[in-house]
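Biologist: Before I plan anything around this protein, I would like to go through its aromatic residues and its helices. Please take me through them.

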Amino acid sequence: MSEQSRRAQKKALTRAHIQRTARRLFRERGFDAVTIADVASAAGVAVQTVFNHFPAKEELFWSDRSRWVAGPAGAVRDRAPGVPALRALREHLAEATARFAEGLAGAEGRETIEALDRSPALRAAERELHHQAELLLRAALEEAWTGPDAERPAPADPRLTAGMVAATWLATTRTLVTTLRDPLPAPADVPALAERTRALTTALLTRLEDRLGSGGVLRDDGSPGVLRAV
């Protein structure tokens, strides 16, 4: 193993150790009661070492738990050739909400929700992550409708349509997710709940997709002309 590889491995091990230590403290004391200095002391590292790996305390909690932020945009950008952006997005979100429901059967998923319930700071960070997801999705949709391989037909105003889709579709799935976790379901009920969630998400987003039509174009039924096909 090269010296560079050894340094990278040591860095990864240190990061994982700090994160495990922080999450143990969060479980024991609650997120808001733990400081970065507490984490550093318990992990046996300097405070600056913690900040080198995690610039904010919230990242100690959300790192590895926030892959969903880039997921919707990735589903649009990485869709197979010929697959409409909205179909790829709908299928991704239906699967993502079902996976979230499935996670409520396990200890980590339930601990995450319980920590959110106890911490205003974590809930604020979660809202910011949702905002980031919306911005990423808006950019991916606009690119899908304006790039060199843009879908046709496309919205007359791709930027406005992308913003509307990103806001409404993610708000729909966020409402489903927050409803699922309040109150937490019994673990035995989770498998059936996950299937119902997948079906409901698909049904809701299909209705929204039908209103927009192929390629994100609102149907010509009296909807605002700025969004009609070009």
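Modeller: The charged end of Lys57 sits over the ring of Phe31 (NZ of Lys or CZ of Arg within 6 Å of the ring centre and within 35 degrees of the ring normal). The distance from the ring centre is 4.3 Å. This is a predicted model, in which local features need pLDDT of at least 70, side-chain atom pairs count only at pLDDT 80 or more, and totals for chains, interfaces and linings use all residues. Residues are numbered from 1 along each chain as its sequence is written, and side-chain values use heavy atoms, with hydrogens and water left out.

Biologist: How many aromatic pairs are there?

Modeller: Rings of Phe, Tyr and Trp (its six-membered ring) pair if their centres lie within 6.5 Å; planes under 30 degrees apart are stacked, over 60 edge-to-face, and the rest tilted. By this rule the count is four.

Biologist: Which class of pair do Phe26 and Phe31 form?

Modeller: Both Phe26 and Phe31 are buried (under 20% relative accessible area, with exposed over 50% and partly exposed in between; 1.4 Å probe, protein chains only). Their centres are 4.8 Å apart, with 55° between the planes. The pair is therefore neither stacked (under 30) nor edge-to-face (over 60), and it counts as tilted.

Biologist: What angle lies between the planes of Phe61 and Trp62?

Modeller: Phe61 has a relative accessible area of 3%, so Phe61 is buried. Trp62 also counts as buried, at 7%. Their rings are 5.2 Å centre to centre in an edge-to-face pair, and the angle is 85°.

Biologist: Which residues do ring pairs link into a cluster?

Modeller: The two pairs above belong to this picture. The linked cluster consists of Phe26, Phe31, Phe61, Trp62 and Trp68.

Biologist: How far apart are the end C-alpha atoms of helix H1?

Modeller: Helices (H or I, at least four residues) and strands (E, at least two) are DSSP runs, numbered from the N terminus. H1 covers residues 3-29, and its 27 residues should span 39 Å, because the expected span is 1.5 Å times one less than the number of residues. The end atoms agree with this, at 39 Å.

Biologist: Is Thr112 buried or exposed, and which residues does it contact?

Modeller: Thr112 lies in helix H7. Its relative accessibility is 12%, so Thr112 counts as buried. Leaving aside neighbours within four places in sequence, its contacts (heavy atoms within 4.5 Å) are Phe61 and Arg65.
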